[in-house]
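Reader: I should like a close reading of how the helices of one chain are packed in this model. Please set that packing in the context of the wider assembly.

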Amino acid sequence: MGLFFLRLTLTLYSAATLAAFGAVLGRRRWWDRVVPGLIGAGCMTHLVALVLKGIELGHCPLHTTGEIVSFLSLAGMLIFLFGFYRRGLQILAVVLLPLSLVLAVVSNLLPAQTLSLEGSSLDGLLTIHVALSTLGVAALFVTFAASLLYLWQERALKQKSGAALLRLRLPALETCDTLIHGTLVSGFLLMTLAIITGALWKASTLSGTFWIWERRESLALLAWAIFGALIVGRLLVGWRGRKVAYLAMVGIVAVVLRMLGVTP
Amino acid sequence: MNVYLIGANHTSAPIELRERLFVPKSALPEALDELKRVEGVQEGLLLSTCNRTEVLTRLDQTADGEEPILDYLSRRHSLPVQELEPHLYRMRDLDAVRHMFRVAASLDSLVLGESQILGQVKEAYLASLERRSLGRVLGGLMRHAFSVAKKIRTQTGIARNPVSISQVAVSLAVQIFGSLSGKTVMLLGAGKMGELAARRLTEEGVRTVIVSSRTLERAREIARRFGGSAVSFDEVVNHFEFVDILISSTGAPHYVLRADQVADLMRRRRNRPVFLIDIAFPRDIDPRVNEFDNVYLYDIDDLKHIVDATRLERQHEAATAESLVEREVAAFSNWYNGLQVGPLIAGMRERSEQVKNEQLERFLARHPDLSARQRQDLETLLRSLVNKILHEPTVRLKQVFAQLEDPLHIDVVRNLFEPGEKMPIRTPDAGGSERREKS
């Protein structure tokens, strides 16, 4: 039953993504009902699938990487709906919808491996750690989307292909910039807290060390350092624009790779 | 339909004639009253802008052509008919409807897709409403025209893009800054185009305007018009830091803003984006600065290219809009035919009622011995009989009328069902416009 809803969700997300691209490319009436309708339906079935999974497992389905990724794809869709209704940022669809779709697909492919070492039950600290990281990554998704839009808009403005630009109605550069900065700061703070709680948890469960140096952790640290530098650089010398967008995207890719368990 | 349109626009008439035909807003009520007094005029509307003057009327069935309207124009604007006539276009019925739809949707404008005309048409409509010169047909036509214009603006890309250089400048500024409220614009050098762009920007919410010109006096004069401040050329550099949008149009033979100055400026601005518009010739700003991060430099050629590109796009979109207009003209025609079916059905019922009553009276006179109960039953019987017989044709008529296009067919149907005097069926070449008006 859960599998049926998950497949239905994937179908709806795919349809929504296609429809959104169609809407961007000219079928502007699809924004009215079709796109939000498909996404709304997809989110519903997704939620049902998650609840069914939770009932089956007997706990909140946020224990394996696959489950977290699945949750993130739902978050991506909901963030899009928020941006769409409250901020009129339809264009976010171009980035957020395919991203969420890919995450939804990936979540089904990942092995059902629990995060906890030696099969110990998850204690409070780890749950907080997982929740903070998930929220942080969700915020960073928006940073990623806004960065892509910023670069797209910036390129068009520099190349003076104004006509194409005006047709697409991308959000203004400063809107993207504000969005990048705001979500980057929240993502960075959440990530910092997640790293601290993670370290505390390790200290409490394992041999009392706060940090076990694993190669894959270097990805998380790299991302954290990039984000920190970007935020401080903006405050001190006004770093902004193209290079910030590129660097932020590099950091986010590192975070996602780390989350999926890639070892450099 | 008996709808006539006479008009002159930017393609049919030279500006001298359009000027003489122009009816200023203040004179519109009086001009409409005079139009209403013209013989045969049932409804009328006047649309007058700098690019066109159009007289839309519906005449009664006795009217023979639109000559009285022509005389009205000639009389009112003191222009001999011979002088006027070659520059006018005349349209009738659905052609007139189509023309009004196209005008409202800005398909007939000098600048395709511009947005002013719809407002002007609305003003004309309101003025006519006020003078009570609109009836069901023209009122319906105008309301339909507004909905067509709205459909075209939202469903095609014709009105999506800026149509002039100053509008392009504003659109680009919006693409960079989002909201322009609280931004500062500097106008360097005096020039019509620069001033126009600055004006548009202030309309979009730009708050502070700084003006600098070769003489401080000239700068003050321009600044006064924007409620801005004037600075001398030597001081300009000190203000750059606070300027978000710079419009430069000096006559200087060298760069007014060098690359190293801009680099320094961006450091002081802490990289906040700046939009430089160089409409001077020779150019005022070193073109290399466009390669700097967060600096967006557009010269006059860049802006022109965008205007040209959007013009092409608008022409492309116009084709879609034209087919939409055709569909709407057909829809209007259906609506109009539907208007006429009401009186026809009423007449048919009235006639049947009359026949029924006559027959009933005659019958009762011959049978005075019927009881009251029997009389009542008889009358109920007859009434339900008439209703049953008329029900089918009533429904059919409504359907048929909604689909009739050829006026000849309308006449045929009318002769089949209309009580009273038969009217001759016109041959198609005599035109449907001479049909009897029923609404």
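Author: The account below begins with the helix packing of chain A and then turns to the core, the interface and chain B. The model is a predicted one.

Helix α1 of chain A, residues 2-24, packs on helix α4 of chain A, residues 93-109; the two axes come within 9 Å and cross at roughly 160°. A crossing angle over 145 degrees counts as roughly antiparallel, and α1(A) and α4(A) are therefore roughly antiparallel to each other. The crossing in which α1(A) passes α4(A) is left-handed. On the α1(A) side, the contact is made by A:L6, A:T9, A:L10, A:Y13, A:S14, A:A16, A:T17, A:A20 and A:V24. The α4(A) side contributes A:A93, A:V94, A:L97, A:P98, A:S100, A:L101, A:A104, A:V105 and A:N108. Sorted by class, the residues of this contact comprise 13 nonpolar and five polar, with no charged residues.

A second pairing involves helix α3 of chain A, residues 65-87, and α5(A), whose axes come within 10 Å and cross at roughly 45°. These two helices, α3(A) and α5(A), are therefore oblique to each other. Here α3(A) passes α5(A) in a right-handed crossing. From α3(A), the residues A:I68, A:F71, A:L72, A:A75, A:G76 and A:I79 meet A:V130, A:T134, A:V137, A:A138, A:F141 and A:V142 of α5(A). By class, the contact of α3(A) with α5(A) has 10 nonpolar and two polar residues, and no charged ones.

Two residues from these helix contacts reappear in the nonpolar core. The largest nonpolar core has 124 residues, and A:A93, A:L96, A:F141, B:A173, B:I247 and B:L276 are those with the most contacts inside it. Helix α5(A) provides the largest share of this core, 15 residues. In soluble globular proteins, nonpolar side chains tend to be buried together. For A:A93, leaving aside residues up to four places away in sequence, the residues touched are A:A20, A:V24, A:V35 and A:F80. Of these, A:A20 and A:V24 belong to the α1(A) side of the contact with α4(A). A second, separate core of 56 residues includes B:M1, B:A8, B:L46 and B:L56.

The contact between the chains takes 20 residues from chain A and 23 residues from chain B. On chain A, four helices each supply at least two residues of the side that touches chain B: α5 (124-159), α6 (162-168), α7 (173-205) and α9 (242-259). Helix α6(A) gives the most to that side, with five residues. The side of chain A that touches chain B has eight nonpolar, five polar and seven charged residues.

Chain B has a secondary structure of 15 helices and 10 strands. Of the 439 residues in chain B, buried residues make up 38%. Among contacts in chain B with a separation of 6 or more, 71% are accounted for by residues 24 or more positions apart. One pair of residues in chain B is B:E353 and B:L382, which are 29 residues apart along the chain and have C-alpha atoms separated by 9.7 Å. B:E353 is found in helix α13 of chain B, residues 300-366. With 13 C-beta neighbours inside 10 Å, B:E353 counts as partly exposed.

Some backbone details of chain B also deserve notice. Most residues other than glycine have a negative phi, and most peptide bonds are trans. The peptide bond from B:F281 to B:P282 is cis, with omega near -5°. B:P282 is found in the loop between β9 (274-278) and β10 (295-299) of chain B. The loop between β9 and β10 of chain B also holds B:N294, whose phi is positive, near 65°. B:N294 is buried, with 20 other C-beta atoms within 10 Å. Another residue other than glycine with a positive phi is B:D93, where the value is near 50°. B:D93 is found in helix α5 of chain B, residues 93-104. Unlike B:N294, which is buried, B:D93 is partly exposed, with 19 other C-beta atoms within 10 Å.

Conventions: Residues numbered from 1 in each chain as written. Chains lettered and ligands numbered in written order. Predicted model: local features only at pLDDT ≥ 70, side-chain atom pairs only at ≥ 80, totals over all residues. Contact = placed C-beta atoms within 7 Å. Nonpolar A, V, L, I, M, F, W, Y, C, P; charged D, E, K, R; others polar. Axes fitted to C-alpha atoms, helices over the stretch in contact; angles between N-to-C directions. Parallel < 35°, antiparallel > 145°, perpendicular 65-115°, else oblique. Left-handed = near helix turned anticlockwise from the far one by under 90°. Core = buried A, V, L, I, M, F, W, Y, C linked by C-beta atoms within 7 Å. Buried ≥ 20, exposed ≤ 12 C-beta atoms within 10 Å, placed from the backbone.
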